[in-house]
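Biologist: Could you take me on a close look at one part of this protein, the pocket side of things? I'd like to know what lines it and what sits around it.

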Amino acid sequence: MLYISYNVLPGWSAQAPVRHLLAQHAAVMGAPGENSVQRVNASLEFCGKVLEHSPFRAQLQPLLDSLAEQNRHYLAHEYFNRDWAPMHFSDMANWLTPAKLNYAGSAQALHNLDTFDLRPDQRELLAGIGDPLFRETVRDYLVNRRFRTDLWVKGARRLSPAEVAHRWDQQQVQLLQARDQVTLTLDTAQGKLQLLSQYYEPVLDLLADLRPHAVAELRDALRDRVMPNDLHEVLAVLHGRQQLALVQNQAQQEAVSARCQAFNQYMRTRAMTNGDIACLLSPATGGCFTVGRLPQVFMEGWRKEALRDAEQLADYAWNILQPQGQRMMRDGQVLEAEADNLQELRKLAEAFLNELPRYQALQLV
């Protein structure tokens with residue numbers, strides 16, 4: 001399996017003229033010794049002057065204004081590289097054909113569900129296109145996609161419908177959020193959609209214990225209320241929203257648990273003095289999850305010191321950060337007063353406690 005993420009057309013078409021002018025100014029007019037932030041600011045200012053005298057001002061000024069509000073380090077990375085070539089999906093497919101790689105789908109589960117990204121008339125248009133690669137290209141035009149996260153496979157073998165159903169039945173899933181924290185609204189390319197409660201509520205009720213459940217178990221329990229295809233879509237959506245994990249069976253979890261826990265303990269100990277690695281391993285899924293330095297510090301306070309409320313966890317973290325000369329930030333400003341630092345840490349500790357059921361479900365704590 002091959003994963004590729006890349007900027008794509010047509011989504012970047014409007015930005016191309018502005019990006020070219022910004023990059024050319026930085027390359028040709030940039031002063032020696034300027035850092036990246038200074039180069040970005042100078043190029044933005046010059047581009048604004050050009051647009052004042054350009055017939056394209058009405059078309060491009062809103063884009064330039066939005067760029068001016070963004071982080072300068074992001075702009076330097078995204079717009080000022082020497083090599084910048086957003087491409088069509090079909091170009092990527094053609095480049096990978098000699099390697100006998102076939103498109104499998106998006107790494108973002110929700111992008112594989114046309115129901116949420118496309119209107120009925122758009123779905124009808126795509127249904128009339130037989131070639132799967134051309135259909136993906138047209139789909140990008142329909143949603144004006146700027147960025148793709150593609151999965152490609154070599155030597156793909158198609159499963160029969162019976163095999164697909166059997167794989168679904170065997171798959172174990174586990175809810176990662178408290179039941180009352182899962183909302184039934186979804187942000188899509190069409191805007192905010194309301195998910196159908198008659199399908200989602202019964203599934204969420206069964207998963208509310210935050211324990212693994214086989215899909216076959218869910219299917220049997222919901223036989224009279226939710227059809228299998230609807231159940232599969234509900235699970236796919238919850239997984240795409242990162243509210244549900246695909247988990248390994250008990251034997252697989254036990255085989256890797258000790259190594260994962262040893263790694264996680266090393267990371268949490270390292271987080272006491274260093275925040276450069278923000279990940280922990282989950283025996284439940286066999287995967288890695290992003291967990292920042294402070295949540296790791298809070299985990300240690302929760303585990304080792306049995307600290308259970310936000311105020312205790314904030315004090316614990318401050319006693320670690322303060323001797324190291326580290327301070328919290330608010331609205332881009334470094335906080336110097338101890339009371340302000342503790343106030344900010346309490347907010348983060350409360351967020352950690354809200355996420356704790358998820359960390360526990362993933363066996364990260």
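Modeller: Sure, and keep in mind that this is a predicted model. Let's start with who builds the wall of the largest pocket: β2 (101-106), α8 (132-143), β3 (147-154), α9 (161-170), α12 (228-240) and β8 (244-247) each put at least two residues into the lining. The top contributor is β3, which hands over six residues. As for room inside, the largest pocket holds about 1600 Å³ of space. Its lining comes to 41 residues, and if you want to zoom in on the centre, look for Ala104, Gly105, Ser106, Asn112 and Leu151, the ones closest to it. Chemically the lining is a mix, with 21 nonpolar residues, nine polar and eleven charged.

Now for the runner-up. The second largest pocket has a volume of about 460 Å³. Here 15 residues make up the lining, and Ala107, His239, Gln242, Leu244 and Phe289 come closest to the centre. Two or more residues each come from α12, β8 and β10 (287-290). You've already met α12 and β8, as both also supply at least two residues to the lining of the largest pocket. By type, the second largest pocket is lined by eight nonpolar residues, six polar ones and one charged one.

Follow β8 a bit further and you end up in the packing. The largest nonpolar core counts 36 residues, and Phe298, Met299, Leu345, Phe352 and Leu364 have the most contacts inside it. β8 is among the elements giving two or more residues to this core, along with α14 (293-304), α15 (310-321) and α16 (338-361). Of these, α15 gives the most, with eight residues. Met299 is a nice one to click on: leaving out residues up to four places away in sequence, Met299 touches Arg268, Leu280, Val291, Phe352, Tyr359, Leu364 and Val365. Another core, of 23 residues, lies apart from that one, and its members include Leu113, Leu195, Val215 and Val234.

One last stop is a hairpin, made by β5 and β6 with two residues between them. The strands, β5 at residues 185-188 and β6 at residues 191-194, pair in the antiparallel sense over four bridges. Thr185 has Gln194 of β6 standing opposite. Side chains alternate along β5: Leu186 and Thr188 point to one face and are buried, whereas Thr185 and Asp187 point to the other face and are not buried.

Definitions and conventions
Residues numbered from 1 in each chain as written. Predicted model: local features only at pLDDT ≥ 70, side-chain atom pairs only at ≥ 80, totals over all residues. Heavy atoms only, no water. 1 Å grid on protein atoms, 1.4 Å probe; cavity = no way out; pocket = protein on both sides within 12 Å on 5 of 7 lines; lining within 4 Å. Points joined across faces, edges and corners; volume = space filled by probe spheres on them. Nonpolar A, V, L, I, M, F, W, Y, C, P; charged D, E, K, R; others polar. Buried < 20%, exposed > 50% of the residue type's maximum accessible area, 1.4 Å probe, protein only. Pairing = 2+ DSSP bridges. Core = buried A, V, L, I, M, F, W, Y, C linked by side-chain atoms within 4.5 Å. Contact = heavy atoms within 4.5 Å.
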